[in-house]
There are 2 protein chains.
Amino acid sequence: MKIIIVGATGTMGKHLSSAFEKEHDIIRASSKGGDIRVDITNLESVEEMYKTVGPFDALICTAGPSHIGPWSKMSPLDFKNGLEGKLIGQVNLVLIGQHYINPKGSFTLITGALSHEPVPMFANASAANGGVESFVRAAAIELEKGIRINAVSPTVIEASPQYFAYFQGDIPVTMQQLEYGFRKSVFGANTGQIIKPY
Amino acid sequence: MKIIIVGATGTMGKHLSSAFEKEHDIIRASSKGGDIRVDITNLESVEEMYKTVGPFDALICTAGPSHIGPWSKMSPLDFKNGLEGKLIGQVNLVLIGQHYINPKGSFTLITGALSHEPVPMFANASAANGGVESFVRAAAIELEKGIRINAVSPTVIEASPQYFAYFQGDIPVTMQQLEYGFRKSVFGANTGQIIKPY
């Protein structure tokens with residue numbers, strides 16, 4: 001299976017690339033290197049990535065920047081800019097990618113528990129995650145040719161201890177659990193699901 | 001209670017304005033007339049509305065345009081523009097309004113069942129609704145001075161039969177039910193809730 005991993009140089013992307021490359025053809029895409037450069041907030045960059053890679057069977061996105069900061073000081077511009085990556089960027093990967101993906105292919109996006117369990121400082125990420133999750137459910141009923149779409153929704157990631165203080169009481173998701181979540185989406189048969197890997 | 005109703009000239013806004021004006025001071029705001037003009041996709045317009053109205057106790061928003069159209073033909077620009085009203089516009093009403101609202105005031109936004117029950121042609125509205133719902137939960141834990149925020153989430157509205165064909169099997173929500181949903185948010189004590197008025 002030919003799998004594009006967007007965010008391949010990040011914590012999650014690195015793990016998934018290593019785990020899946022034993023049995024699959026992995027294209028590492030990232031804003032910072034890998035096999036191909038892509039900026040998911042730039043439409044031309046996304047289109048160029050798909051043109052370069054050619055037909056593929058699965059796209060995994062683990063990239064999704066958003067705005068972090070206290071609510072009372074969040075400006076409308078902070079909020080809007082914060083949607084560009086995790087919500088709009090991920091949606092664009094699917095809107096554009098639907099024209100390049102093979103029949104029966106799949107898209108797997110990244111969301112997170114913040115959509116339903118907010119914590120202070122992360123209201124922008126909550127909104128982005130909620131948008132991604134509802135988008136996944138909606139896109140699943142309209143995608144054609146057996147193409148599937150799901151999202152994986154972890155809590156805080158074991159390998160990102162710098163965030164632990166914000167997520168009090170959330171049991172960190174291990175990299176192995178996270179990998180299982182993506183396996184379920186990419187190699188399973190479900191669609192329109194928000195997969196909680198814990 | 002001084003209540004701003006944004007979208008006051010629309011189907012829902014008209015009903016709520018009439019229902020609440022018997023006991024409250026209603027400010028009808030709309031892009032098309034009313035007591036005060038406001039374009040929720042324009043930051044200066046929103047700021048100007050709050051400056052003109054002065055301190056208030058509750059804001060209700062029933063306005064939230066989004067992009068309607070088939071998935072396979074939706075462009076990234078369609079999707080992005082479609083977020084400007086229902087998601088970003090409503091969030092901006094709160095981000096800016098938090099600096100004008102009275103202590104113990106409330107914001108009540110409009111969302112809809114599409115966040116969890118998608119129908120073809122409405123993927124953009126689904127994403128916007130999901131974003132609004134997660135935003136409401138996140139903002140509720142950060143708003144200060146006892147200020148509350150909720151969203152009302154109807155299915156298709158009884159008074160909008162032009163949409164019935166899209167929402168097969170959804171029992172239309174009556175205007176009375178809708179009014180009860182907003183009453184629960186504005187005159188109740190809950191916060192961070194997605195109120196289903198059915």
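Q: What is a nonpolar core, and which residues touch the most other members in the largest one here?
A: A nonpolar core is a set of buried Ala, Val, Leu, Ile, Met, Phe, Trp, Tyr and Cys residues joined through side-chain atoms within 4.5 Å. Keep in mind that this is a predicted model. Its largest nonpolar core has 83 residues, and the ones touching the most other members are A:Met49, B:Val6 and B:Met49.

Q: Let's stay with A:Met49. Which residues is A:Met49 in contact with, leaving aside its neighbours within four places in sequence?
A: The list for A:Met49 runs A:Ile4, A:Val6, A:Ala29, A:Ile36, A:Val38, A:Leu59 and A:Leu93.

Q: Now the two chains. How do I read the relation of chain A to chain B, in terms of a turn and a shift?
A: You lay one copy on the other and look at what it took. Here a turn of 180 degrees with a shift of 0.0 Å along the axis puts chain A on chain B, at an RMSD of 0.0 Å. That is how a two-fold axis relates its copies.

Q: And through which surface do the copies meet?
A: Compare the interface residues of each chain. Of those in chain A, 100% are also interface residues in chain B, so the two copies meet through the same surface.

Q: On to charges. How many salt bridges does the structure hold?
A: Over all chains, there are six. One of them joins the side chains of A:Lys80 and B:Glu84, at 3.0 Å from N to O. This pair crosses between chains: A:Lys80 sits in helix α3 of chain A, and B:Glu84 in helix α3 (residues 76–97) of chain B.

Q: Is A:Lys80 buried or partly exposed, and is B:Glu84 buried or partly exposed?
A: The cut-off to use is 20%: buried means under that relative accessible area. A:Lys80 has 29% relative accessibility, so A:Lys80 is partly exposed. B:Glu84 comes in at 18%, so B:Glu84 is buried.

Q: What about a salt bridge inside one helix: how far apart in sequence are A:Glu179 and A:Arg183?
A: They are four residues apart in helix α5 (residues 175–187) of chain A, which means about one helical turn between them. Their side chains meet in a salt bridge at 2.9 Å, N to O. A:Glu179 is buried, with 8% relative accessible area, while A:Arg183 is partly exposed at 30%.

Q: Which residue does B:Glu21 meet in a salt bridge?
A: B:Glu21 pairs with B:Arg28, side chain to side chain, at 3.1 Å from N to O. B:Glu21 is partly exposed at 41%, and B:Arg28 is partly exposed at 23%.

Q: Back to nonpolar side chains, this time on the surface. Which residues make a nonpolar surface patch of about 250 Å²?
A: A:Ile68, A:Tyr163 and A:Tyr166 make that patch. Take A:Ile68: look for it in the loop between β4 (56–61) and α3 (76–97) of chain A. With 39% relative accessibility, A:Ile68 counts as partly exposed.

Q: Last one: where is B:Ala140 found, and what is it in contact with beyond its sequence neighbours?
A: Look in helix α4 (residues 123–140) of chain B. B:Ala140 is buried, at 14% relative accessibility. Setting aside neighbours within four places in sequence, B:Ala140 is in contact with B:Ile149, B:Thr191 and B:Gly192. Sequence distance and distance in space are separate readings, too: B:Ala140 and B:Gln193 are 53 residues apart in sequence and 8.6 Å apart in space, C-alpha to C-alpha.

How values were computed:
Residues are numbered from 1 along each chain as its sequence is written. Chains are lettered from A and ligands numbered from 1 in the order in which they are written. This is a predicted model: local features need pLDDT of at least 70, side-chain atom pairs count only at pLDDT 80 or more; totals for chains, interfaces and linings use all residues. Side-chain values use heavy atoms; hydrogens and water are left out. Helices (H or I, at least four residues) and strands (E, at least two) are DSSP runs, numbered from the N terminus. Buried means under 20% relative accessible area, exposed over 50%, partly exposed in between (1.4 Å probe, protein chains only). Contact means heavy atoms within 4.5 Å. Copies are superposed by least squares on the C-alpha atoms of residues with pLDDT of at least 70 in both. Patches are made of residues with over 30% relative accessible area and no salt bridge: like charges are joined within 9 Å, nonpolar side chains (Val, Leu, Ile, Met, Phe, Trp, Tyr) within 5 Å. Accessible areas come from the Shrake-Rupley method with a 1.4 Å probe; for residues, only the protein chains shown count as cover. A salt bridge is a side-chain nitrogen of Lys or Arg within 4 Å of a carboxyl oxygen of Asp or Glu.
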